[in-house]
Amino acid sequence: MKKPKYVSAYRDRHGVLRWRYRRPGLPQSQSRELFGSEAWWTWYAAAEGAKKVSAGEKRTIPGSLSAVAVAYYTSADFKLLAPVTQKTYRNIIDRFRDTAGTLPVAKIAPAHVRKWVDNRADRPAAANTFLKVFRALMRFALERDMVKADPTIGVRPVKNKTEGHHTWTEAEIATFESRWPLGTRERLAFDLLLYTAQRSGDVRQMGRQHILDGHVVVRQEKTGQPLEIPIHPRLSESIKAFHSGQLIFIATQHGDAYTARGFGNWFTDSAIEAGLEKGRTAHGLRKSAARRLAEAGCTSHQIAAITGHKTLKEVERYTRAAAQKALAGAAMDRVKTSTDGEQSCLTNPETVRQSAP
């Protein structure tokens, strides 16, 4: 059964599945009823038939957190964000407004923010994303004289020991290629990810209309960065071998574009079906592409020209392992080629002095 428009699902911090109805001009509504049940459809009908209200009117109390959020959504600060970032910020803020929207923003203190971050400590990435978004909201409030001080100052992110998405190894790449040959949808998605080094959000939108003069022409969804990426010979073979009849390269079995979650789940399942461990994600191939570029001797600026990163810090984080491997190899080469009496990286200086004539 297909869910109606304007309805989405999420799990709260207790793991309970909740349904949210959100339509412009209508008040937001939520339910924990079983999808498809009579009670669920009763809830949906009531949400659809609710009285129209102005944006933010139902939940906006002057001086409240919701009032700040409504003002933020109409500001240049928010409108200048990339569309995908706007959607992420709005989802996080609106979900928080459901429980804390009536709080007087002037009375929010660092202790409150720390508690909200601590409540998400079992999910470090979610905790830190919340802090980042709430910090942007409070910075806006401070600049508009809605608060006297920024309550997020001094609140530290949660330590996250994870290295993020696993970077695919060459053995894992070969295993996937062996299971999914040229001509399959899985292989084309894999090659687009690996040989363009783009995020899955950009790969999901790629089609033959993005091929121009031997390049894949991309405007990144997250950053708005325009890129022209030379087509690798292996990617060219993969594109020629796949025939879908669709405008976009990677469509669902019904010919529709994938959602972000749908694409991620489908691709991860494809990796598992190839015999790989869980955690081999689409984003991990972006990191593998950066690693390959680093191992080929490309500079950070050259890698960023492909990946579209705006700062070299992120590029260096992606390619740290490759840099370490190259440096260690160069150091060991010096040891191997050093002759008796020469000082190398691993020679004890004291031993050199004692052996000197």
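This is a short talk on how the helices and strands of one protein chain are arranged.

Okay, hi everyone. Before anything else, keep in mind that what you're looking at is a predicted model. The chain has 357 residues, and 36% of them are buried. Its secondary structure amounts to 16 helices and six strands. And if you take the contacts between residues at least 6 apart in sequence, 57% of those join residues at least 24 apart.

Let's start with the strands. Quick reminder: strands of a sheet pair through backbone hydrogen bonds, and they can do that in a parallel or an antiparallel way.

So, find S1, S2 and S3. Those three make an open sheet, in just that order, with antiparallel pairing. Which strands stand at the edges? They're S1, residues 7–11, and S3, residues 29–31; each has a single partner strand, so one side of each has no neighbour in the sheet. Neighbouring strands here are turned by 25° against each other on average, ignoring direction. Now zoom in on S2, residues 17–21. It's joined to S3 by three bridges, antiparallel again, and there you can spot tryptophan 19 sitting opposite serine 31 of S3. Then there's a helix on this sheet: H1, residues 38–48, packs there and touches S1, S2 and S3. The direction of H1 makes about 30° with that of S2.

Moving along the chain, we get another open sheet, three strands in the order S4-S5-S6, with antiparallel pairing. The edge strands here are S4, residues 211–212, and S6, and each of them pairs on one side only. S5, residues 215–219, runs antiparallel to S6, and five bridges join the two. One pair to look for is valine 216, which stands opposite isoleucine 229 in S6. S5 and S6 form a hairpin with six residues between the strands, and in that hairpin glycine 224 takes a positive phi near 75°.

Stay on S6 for a second. In a regular strand, side chains alternate between the two faces of the sheet. So which residues of S6, 226–230, are on the covered face? Leu227 and Ile229 are, while Pro226, Glu228 and Pro230 are on the uncovered one.

Last stop: helices. H2, residues 65–73, packs with H4, residues 83–100, at an angle of about 160°, and their axes are 10 Å apart. Since angles over 145 degrees count that way, H2 is roughly antiparallel to H4. The crossing of H2 and H4 is left-handed. Who makes the contact? From H2 the residues include Leu65, Ala69 and Tyr73, and from H4 they include Tyr89, Ile93 and Phe96. Overall, the contact residues of H2 and H4 split into nine nonpolar, one polar and three charged.

And is H2 mostly covered or uncovered? Mostly covered, with seven of its nine residues buried. Those are Leu65, Ser66, Ala67, Val68, Ala69, Tyr72 and Tyr73. H4 isn't the whole story for them, though: the buried residues of H2 pack against H3, residues 76–79, and H6, residues 124–143, as well as H4.

That's it from me, thanks for listening!

Key: Residues numbered from 1 in each chain as written. Predicted model: local features only at pLDDT ≥ 70, side-chain atom pairs only at ≥ 80, totals over all residues. Heavy atoms only, no water. Buried < 20%, exposed > 50% of the residue type's maximum accessible area, 1.4 Å probe, protein only. Helix = DSSP H or I, 4+ residues; strand = E, 2+ residues; numbered from the N terminus. Pairing = 2+ DSSP bridges. Axes fitted to C-alpha atoms, helices over the stretch in contact; angles between N-to-C directions. Contact = heavy atoms within 4.5 Å. Parallel < 35°, antiparallel > 145°, perpendicular 65-115°, else oblique. Left-handed = near helix turned anticlockwise from the far one by under 90°. Nonpolar A, V, L, I, M, F, W, Y, C, P; charged D, E, K, R; others polar.
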